[in-house]
Structure formats: C-alpha cells, structure tokens
Amino acid sequence: MAEQQFKYVILGGGVAAGYAAREFAKQGVKPGELAIISKEAVAPYERPALSKAYLFPEGTARLPSFHVCVGSGGERLLPEWYKEKGIELILSTELVKVDLSSKTLVSAAGKIFKYQILIIATGSTVIRLSDFGVQGADVKNIFYLREIDDADKLVEAIKTKKNGKAVIVGGGYIGLELSAALRINNIDVSMVYPEPWCMPRLFTAGIAAFYEGYYANKGVKIIKGTVAVGFTADSNGEVKEVKLKDGRVLEADIVVVGVGGRPLTSLVKGQLEEEKGGIKTDAFFKTSVPDVYAVGDVATFPLKLYNEIRRVEHVDHARKSAEQAVKAIKASEEGKTIDEYDYLPYFYSRAFDLSWQFYGDNVGDTVLFGDSDPASPTHKFGTYWIKDGKVVGAFLESGTPEENKAIAKVARAQPPVDNLDVLSKEGIAFASKI
C-alpha cells in the first residue's frame, strides 16, 4: 500500500491537536506539510462541552459550534479551515503501530505514514469497570464519556429513558458534571463514590460539603464510602440494578461511570523515556527521542513554578502545551530559542448555576472564606492553600472575571502571609490587592 509522507504529524485528534494546528498555521506551515491522524470521525473539538451543554435539554451544543479553538475565545476551526491551510485531516483512522526509529506509523487498515517530526497528542482513555472484572459491567446502558460518540449514545439513552433513574459511579469531575446534566434532564440521580467526599484530589472537606449539600438540594442522592460491585440486566440486556459493596441495590435505567482515565501511551511503550505514568519531556515538550514531542495528558513535564516533574490532565494544559511544542519546533528550525514552559495549574468546572476556578497547588494548610452555605442565594466562597508561610493555591466559586484573574495572580505570585485569620477575614479582597 502506498505510503504518505509529511514533514509534521500530530498523533491524535483532540483538543491539543487542534491548538497545535492553529499554532502551525500561525508559524506559516506550508500546504501538505502537516497531517493530523485521529481515530475520531470529526475535526478537533473542545472536549469539555461533552459533559456540559452537549447534554442539556435546552441551549444544547452540537458540532460545528464547539470545534477548537472557541473554548479559549479563539477562532472556530471548521473542517474547511484545515483544507484552506493545506493541513491533512486523516480521520476515522486508528493506528496499530508506531515505530519511532524508522519514523513510521501504520494504521489498522494497513496504511503507512512517514513523518520527519512527530507530536504525540493521544490524550487519555477512560478506566472501565470491566478492567477490574466487575460483574455485569458490559450490559447495555452503562456509559463512559470521552468522545463525541459516547456523548451521542448517552443523549439517546436520556431520550429513551425519559424521567428514569440514573446511577453515577464516581465522585470526580465526570461524576459531578454528569449528575448535574442528568438532573437537568429530569432524571432521578444517585451518585456513588468510595471517598469521604467528592473531588478529593482537589476539594477540601469544607469545599466538598458545599457541593454535596447543593447537589442534595437539587435532588441528587449522594452515597459515599462504597463502590459498585455488580450490575444486573433485564430481558433486553439493559442495566436494571447496581449492586453496591455495602449490600445496597439501586435501580437504574442509565449508569454513567467516571472513575478516572489513563494516558494513551501504549503505541510508544518501551521506545522512549517515561515517568509518572506519562512520556517524559523537557520544558519544550521534547521527548528522549529526537524529533518526537509529547503534549497534553500524556506528557510528564517540568512544572517550573514548583520545581517538580508532573503530568496534568486538563484542557488548559492540553491547549498551552500544544502551542509551546509547535513554537519550540519552529524555533529550533530557525536556530532561535523560546522561553521554557512556565505553567500555572488551572482547573475549572460548571454545573447547575455554579462555576468554580482553581489556580496553583492544593498543598499545605487551608483557609475557607465567604458564604459556603449550600442554601445561600449568593454562594460565593473560596479557599486559600498556604505552604511555608506563602499562599500557593486559590479556589473560588461564583467569582467575577476580575476576581478569577485575581486568584490566578495570587497563586502565581505566592505572597507571604503571617496570619491565616487575615485570609479568612479578607477573603477574595486579599487576592484582589496583589
């Protein structure tokens, strides 16, 4: 089979691929030089929409409205944009072999692609309950959410099981956003997770108490300290019940599982250096293999601000690391240098009429400030993290754009603080002074 040759190939067609393509275009990539190879059937899109407006009964988001780069306020890159720029979008194409030494990629259909420079932007895959051998985990209407196909199947189930019962397995990002989306669709929702509170990787007990209370007020039943150990099906093979470890049995027409993800690195395993579950890179996202870069979820990179090596699974880092890698590629071709990646960790979420942002590092002592009563009409509150006498992280619910900018600024500036009472008393005003 004839092989196709490209100067640059982006492996993966998610958020990072779209932002990398935009940066290549800015840097003057020539027609025919760049290809994006994706197993998805559509051009790169803003993945966060899938757990939010894609599932809403009103004001629903559908493609082409959320192709990249609208999520960061940029231009929307429709499939025609790639054509105009001479960027080849090779969609619905799954790769089965990546040989970094010969710079060769092979698809499931036997197509061969050669590259000079490769950007690995394969992202993450969901962890499935079948990975743990959970009984009945393959019955119908148990959903995972990663790609647009997954979201379409869930939308169909929401329509079919009108006013039905849903069980959400997991209390992280997906658990919280999907519980809200299903509740808005008038589905009866129970949320099950083993931890003592929701979003434990980021939230303190104080922050989580607000969200758990708020969700309960919206009619979401929260079941903590146990896990799903099995599923039973009806005569159509569709899920009927969820068995919990503590012996309880929950009725369910729909189950959504959000128990985490893992970086998709299997195609390059053993061919380059890995660290902390990802592909080890430098501050320009260069890997240990010449002409190979890795960005987004798969990259383990130097987090300059904390002098640590980390892997970050978030859309903001996917966008920014992709742009950094392309700038680094073009700079090295022109014999120039660019600044090292200096990332400030940033996470956010929107659900119901809530919207929070977090910047920095969630380590050290914490101070809760503001009105964190779930029944409050304003519910504006936040938290600071303090380590070694400095503010290192900040979280804010229902902040204005200016206030959100202020907490980002404070997390990067890391101002010293002698008295934690000052923080709880001043609240957001402390960040706004920086």
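**Group meeting: a walk through one predicted model**

Let me start with a single residue, Arg201, which sits in the loop between E10 and H5. Before going on, please keep in mind that this model is predicted. Is Arg201 buried or exposed? Its relative accessible area is 75%, and exposed means over 50%, so Arg201 is exposed. If you want a sense of distance, take Val96, which is 105 residues from Arg201 along the chain. The C-alpha atoms of Val96 and Arg201 are 34 Å apart.

Now to the sheet that E10 belongs to. Five strands make up an open sheet with parallel pairing, and the order is E8-E15-E9-E10-E11. Which strands are at the edges? They are E8, residues 142-143, and E11, residues 221-224, and each of them pairs on one side only. E8 runs parallel to E15, residues 254-257, and 2 bridges join these strands. Phe143 has Val256 in E15 as its bridge partner.

Helices pack on this sheet. Helix H3, residues 148-160, touches E8 and E15, and its direction makes about 150° with that of E15. Helix H4, residues 173-184, also packs on the sheet, where it touches E9, E10 and E15. The direction of H4 makes about 170° with that of E10.

Next, the aromatic residues. The structure has 27 aromatic pairs. I will take one of them, Tyr214 with Phe352. The ring centres are 6.0 Å apart and the planes meet at 50°; tilted covers angles from 30 to 60 degrees, so this pair is tilted. Why does this pair tie together parts that are 138 residues apart in sequence? Tyr214 is in helix H5, residues 205-217, while Phe352 is in the loop between strands E22 and E23, so the pair links those two parts. Tyr214 has a relative accessibility of 7%, and the limit for buried is under 20%, so Tyr214 counts as buried. Tyr214 and Phe352 also belong to one aromatic cluster, whose members include Tyr173, Trp356, Phe381 and Phe395.

Some rings have a charged residue over the face. Arg62 lies over Tyr54, at 3.9 Å from the ring centre. Arg128 lies over the face of Tyr144, and there the distance to the ring centre is 4.5 Å.

Phe381 from the aromatic cluster takes us to strand E25, residues 381-387. Of its 7 residues, 6 are buried, so E25 is largely enclosed by the rest of the structure. E25 has an antiparallel partner in E24, residues 365-370, through 6 bridges. In that pairing, Gly370 stands opposite Phe381. E25 also pairs with E26, residues 390-397, again antiparallel, over 7 bridges. Here Phe381 stands opposite Glu397. The hairpin of E25 and E26 has 2 residues between the strands, and Asp388 in this hairpin takes a positive phi near 50°.

Last, the nonpolar cores. Which residues touch the most other members of the largest nonpolar core? They are Ile10, Phe24, Tyr82 and Tyr384, in a core of 60 residues. Leaving out residues up to four places away in sequence, Phe24 touches Tyr8, Ile10, Val29, Leu34, Ile119, Val326 and Ile329. There is also a second, separate core of 47 residues, with Ala157, Ala166, Tyr193 and Trp385 among them.

Terms used:
Residues are numbered from 1 along each chain as its sequence is written. This is a predicted model: local features need pLDDT of at least 70, side-chain atom pairs count only at pLDDT 80 or more; totals for chains, interfaces and linings use all residues. Side-chain values use heavy atoms; hydrogens and water are left out. A nonpolar core is a set of buried Ala, Val, Leu, Ile, Met, Phe, Trp, Tyr and Cys residues joined through side-chain atoms within 4.5 Å. Buried means under 20% relative accessible area, exposed over 50%, partly exposed in between (1.4 Å probe, protein chains only). Contact means heavy atoms within 4.5 Å. Rings of Phe, Tyr and Trp (its six-membered ring) pair if their centres lie within 6.5 Å; planes under 30 degrees apart count as stacked, over 60 as edge-to-face and the rest as tilted. Helices (H or I, at least four residues) and strands (E, at least two) are DSSP runs, numbered from the N terminus. A charge sits over a ring if NZ of Lys or CZ of Arg is within 6 Å of the ring centre and within 35 degrees of the ring normal. Two strands pair if DSSP finds at least two bridges between them. Axes are lines fitted to C-alpha atoms, for helices over the stretch in contact, and angles run from 0 to 180 degrees between N-to-C directions.
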